[in-house]
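Please consider the following notes alongside the coordinates. They concern side-chain packing, one helix pair and one sheet.

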Amino acid sequence: MNMKKNIAIIISIVMLVCVGCSSSKWTESDRWFESGKAVNDSLVDVFYIVSTEILDEKDGQGRDSYIGKLTEEERKAIDAELNYAKRMFGDSVNFFAPYYEQFTMSSINLAPEKFKEVRHHAMEDVKEAFQYYLHHLNNGRPYILAGFSQGGMHLIDILRDIDPKDYERMVAAYSIGYRLSADDLSHPCVKAAEGADDRGVVVSFNSVVSVDDIWPVVSEGAATCINPVNYRTDATPASFTFNGDTLTVSVDTTNNVLIVSSPKIESYRFPVLERFCKPGNLHHFDLLFYEEAIRRNVMQRSK
């Protein structure tokens with residue numbers, strides 16, 4: 001009799017789990033960029049987490065709200081980055097990106113406890129999407145994690161809590177425009193990249209004109225940094241071209257940021273961000289400057 005009762009309980013639990021899975025919002029194709037479909041089962045996946053594309057948000061009463069609602073206009077802004085990111089990684093991967101409920105740019109000016117709340121909301125949404133991806137969309141393929149800015153932040157949060165069995169399939173992670181702290185590195189599945197072909201590691205960097213331009217939100221507490229052009233962690237410089245300009249980049253090993261120089265460096269400004277950081281902070285260009293270098297490295301590590 002007890003055995004029958006136990007079996008009935010187990011069946012009930014299984015049914016509840018299945019119901020929970022089927023009712024997840026991540027089952028809906030419109031929660032995923034381009035419906036969240038793999039194009040080739042033999043390719044490596046990229047799970048990409050978009051940056052903060054929503055400046056401000058209002059609730060139904062016109063009051064400030066700090067979590068994006070994913071309106072049609074907001075999705076257009078998000079899609080601009082996702083289309084770019086998909087081109088950056090090229091046709092050598094399956095590209096997955098969730099439309100998660102990100103925190104807005106204005107939220108970073110909140111009191112620390114309030115910002116912690118909105119960050120946690122966005123982080124949990126991303127984690128839920130990632131778990132759904134692993135168990136329903138990945139199909140056992142090796143994968144790459146990637147994210148820019150807010151996306152890089154959530155990427156680190158994923159790795160701090162990831163199941164070691166899921167971590168084993170991760171080729172590498174690219175936390176673009178976000179730092180790796182000593183506390184992050186104390187977690188067993190968070191390991192800093194030390195070269196161009198190590199596996200299961202995090203590539204992390206932030207670019208500035210000088211250390212005076214560091215933006216604490218994305219760089220404070222950085223314990224490491226790697227140059228995405230030459231994959232050195234020391235101050236060895238490397239050159240790259242961007243829109244016909246030749247720039248030089250090297251690691252500042254004291255502050256763990258990238259120092260970028262060019263005769264035209266003053267032209268690399270992004271006015272929207274100047275509400276939040278100094279003009280010499282090159283945060284917006286962390287995704288743009290290193291497009292070719294990241295694409296090559298993804299292919300190298302994937303092999």
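1. Beyond its neighbours within four places in sequence, Tyr48 is in contact (heavy atoms within 4.5 Å) with Glu81, Leu82, Ala85, Phe89, Phe95, Phe96, Ala97, Pro98, Ala146, Gly147, Phe148 and Leu287. The model is predicted, with pLDDT of at least 70 needed for local features and 80 or more for side-chain atom pairs, whereas totals for chains, interfaces and linings use all residues. Numbering starts from 1 along each chain as its sequence is written, and side-chain values use heavy atoms, without hydrogens and water.

2. Tyr48 also ranks, with Phe89, Leu145, Leu159, Tyr174 and Phe289, among the residues with the most contacts inside the largest nonpolar core, which has 91 residues. Such a core joins buried (under 20% relative accessible area, 1.4 Å probe, protein chains only) Ala, Val, Leu, Ile, Met, Phe, Trp, Tyr and Cys residues through side-chain atoms within 4.5 Å. Helix H3 (residues 112-137) gives the most to this core, 10 residues; helices are DSSP runs of H or I with at least four residues, and strands are runs of E with at least two.

3. The axes of H3 and helix H4 (residues 150-161) come within 10 Å and cross at roughly 65°; axes are lines fitted to C-alpha atoms over the stretch in contact, with angles from 0 to 180 degrees between N-to-C directions. H3 contributes Arg119, Ala122, Met123, Val126, Lys127 and Phe130 to the contact, and H4 contributes Gln150, Met153, His154, Asp157, Ile158 and Asp161.

4. Four strands form an open sheet with mixed pairing, in the order E8-E11-E10-E9; pairing requires at least two DSSP bridges. Strands E8 (207-208) and E9 (238-242) are the edges, each pairing on one side only. E8 runs parallel to E11 (residues 257-261) over two bridges, and Ser207 has Leu258 as its bridge partner in E11.

Note on methods. Buried means under 20% relative accessible area, exposed over 50%, partly exposed in between (1.4 Å probe, protein chains only).
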